[in-house]
Amino acid sequence: MYDEFKTQDLDTLKIIQNDKKFGSIFGGNAQILEILLAKKDINLQAKDLQKIAGIFEGLERIKENSQLSKS
C-alpha cells in the first residue's frame with residue numbers, strides 16, 4: 001500500500017537515519033533527499049571546471065584560515 005513512499009536508495013536511508021545527529025533539515029523528507037541526490041547528466045566545459053576548482057580552492061583557504069584563527 002505504501003510501497004511508493006518507501007526509499008530504495010541506501011545512501012538516502014543512511015542520511016535519514018543520521019539526520020538527528022547532524023541537524024539536517026532535509027532528513028525528514030525522503031523525497032526531497034532523493035531529488036537532491038539523483039544522478040544528473042551535467043556537461044561541463046573546461047572553463048567551467050576551472051571556475052569550480054577556483055571556488056573549492058577559495059573554500060579550502062577559508063577553512064584553513066578559520067582553523068588557524070581557532071588555535
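Let's start with how far to trust each part: in this chain, confidence is lowest in helix 1 (residues 10-22), with a mean pLDDT of 73, and highest in helix 3, with a mean of 87. This is a predicted model, so a glance at confidence is a sensible way in. For the chain as a whole, the mean pLDDT is 77, and 70% of the residues reach 70 or more. Where pLDDT is low, the predicted coordinates should not be read in detail.

**The overall layout**

What is the chain built from? It has three helices and zero strands, and if you read along the sequence you get the pattern α-α-α. Here is where the helices sit:

| Helix | Residues |
|---|---|
| Helix 1 | residues 10-22 |
| Helix 2 | residues 30-37 |
| Helix 3 | residues 46-70 |

**Inside and outside**

Of the 71 residues in the chain, 10% are buried. The chain exposes about 6700 Å², and carbon and sulfur atoms supply 58% of that.

Now for two residues. Leucine 33 belongs to helix 2. Is leucine 33 buried or exposed? Its relative accessibility is 5%, so it counts as buried, the cut-off being under 20%. Leucine 33 also has a partner from elsewhere in the chain: its C-alpha atom is 6.4 Å from that of threonine 12, although the two residues are 21 apart along the chain.

Isoleucine 62, found in helix 3, has a relative accessible area of 55% and is therefore exposed, since that label needs over 50%.

**A greasy spot on the surface**

Which residues make the nonpolar surface patch? Isoleucine 62 is one of them, together with Ile42, Leu44, Leu49, Ile52, Ile55, Phe56 and Leu59. The patch covers about 790 Å².

Definitions and conventions: Residues are numbered from 1 along each chain as its sequence is written. This is a predicted model: local features need pLDDT of at least 70, side-chain atom pairs count only at pLDDT 80 or more; totals for chains, interfaces and linings use all residues. Side-chain values use heavy atoms; hydrogens and water are left out. Patches are made of residues with over 30% relative accessible area and no salt bridge: like charges are joined within 9 Å, nonpolar side chains (Val, Leu, Ile, Met, Phe, Trp, Tyr) within 5 Å. Accessible areas come from the Shrake-Rupley method with a 1.4 Å probe; for residues, only the protein chains shown count as cover. A salt bridge is a side-chain nitrogen of Lys or Arg within 4 Å of a carboxyl oxygen of Asp or Glu. Helices (H or I, at least four residues) and strands (E, at least two) are DSSP runs, numbered from the N terminus. Buried means under 20% relative accessible area, exposed over 50%, partly exposed in between (1.4 Å probe, protein chains only). pLDDT is the predictor's confidence in each residue, from 0 to 100.
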